[in-house]
Amino acid sequence: MTDQPTRRDWGGVISLGLIWGATFMVVSIALEGYGPLTVAAARTALGAAALLVAMMATGRSIPRFDRALWSSVIWVGVLSTALPFTLLSWGQQYVPSAFAGLSMAALPLMVLPLAHFFSDEKLNGRKFLGVLIGFTGALVLIGPGLAALGQGKEPLAQLACLAASFSYAVSSVQTRRCPPIDPLTLAALTLAVGAVILLPAMLVVEGIPRWEGARSGFAIIALGLVPTALAALLRVATIRSAGSVFMTLVNYQVPVWSMVFGAWVLSEALPLRFFFALALILTGLAISQWVSLRKLLPWKSARA
């Protein structure tokens, strides 16, 4: 049985919500001075370097070659770092950071049908209803973009953000199927895979990056060290202390904070449909994850 979350656990899950919710704002700032491949490559390379140092500091070592394990590590690296980081960086050139954060809110809902067919987590009636409501929210979010396909880059950028969310979802299922491996080691190696792919692509397409000023320069450094490296360590610590069910609370915070930071720091306009989409997606999440959420309700614990 999972221990009751402590104040430190609550601090960890709230901090993760803030960090990941602010990531989309920081990406937009980094894109003011750097190209999308440079932003994605720097994020993976800095994050991988920081986590590899953390591995050495904690006495962890790179696992020996095992075809099944390393095949999973490479696939997870492509689908959880190289591909989604590139799609988000390119897409955020043309859409608000709040849109990108909202599109990520659909991630857990995309995982459910994928896990039904490719994992051992079956989709029941309640989860299916949650998925339908959540995807209705996603359609509200991108509806105008679908109607304007072929008219500029914004509609394609919206689809790129949702494609990044789908890539994360596929990587989640692949991670569950991955042979046993330490979570911190997996995070470090998957970022390293992303860096190996993205750094050559960056050099060919955008060249060697130069310092473009404090605002975008420090933003690109922060991306690699905070939402990737630091957040990975915080995530592992919180899950080990309070469990993966408790960690699902992050999913409800990220889209909210992405909208707050986008409007507050970047002065982004928030169309009314963003709020309707947020309400539908969070409702779908709550319905699909109701069993997990009940375990966190205080009166549930009091009656136990």
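Q: At the start of helix 8, which backbone nitrogen does a side-chain oxygen of Asp 182 reach?
A: The side-chain oxygen of Asp 182 comes to within 3.2 Å of the backbone nitrogen of Leu 184. A polar contact is a pair of N or O atoms within 3.5 Å, where, within protein, one atom must be able to donate a hydrogen and the other to accept it, and residues adjacent in sequence count only if both atoms are side-chain atoms. This is a predicted model, in which local features need pLDDT of at least 70 and side-chain atom pairs count only at pLDDT 80 or more, while totals for chains, interfaces and linings use all residues. Residues are numbered from 1 along each chain as its sequence is written, and side-chain values use heavy atoms, with hydrogens and water left out.

Q: How do you know that the span of helix 8 agrees with its number of residues?
A: Helices (DSSP runs of H or I, at least four residues) and strands (runs of E, at least two) are numbered from the N terminus, and the expected span of a helix is 1.5 Å times one less than its number of residues. Helix 8, residues 183-205, has 23 residues and should therefore span 33 Å, which agrees with the 33 Å between its end C-alpha atoms.

Q: Why is Ser 216 called buried, and Ser 267 exposed?
A: Buried means under 20% relative accessible area, exposed over 50%, and partly exposed in between, using a 1.4 Å probe and protein chains only. Ser 216, which is found in helix 9 (residues 214-242), has a relative accessible area of 4% and is therefore buried. Ser 267, in the loop between helix 11 (249-264) and helix 12 (272-288), counts as exposed because its relative accessibility is 61%.

Q: What makes helix 1 and helix 4 oblique to each other?
A: Axes are lines fitted to C-alpha atoms, for helices over the stretch in contact, and angles run from 0 to 180 degrees between N-to-C directions. Angles under 35 degrees count as roughly parallel, over 145 as roughly antiparallel, 65 to 115 as roughly perpendicular, and the rest as oblique. Helix 1 (residues 7-30) and helix 4 (residues 97-105) pack at about 140°, with their axes 8 Å apart, and they are therefore oblique. Contact, meaning heavy atoms within 4.5 Å, is made by Phe 24, Met 25 and Ser 28 of helix 1 and by Ser 97, Ala 100, Gly 101 and Met 104 of helix 4.
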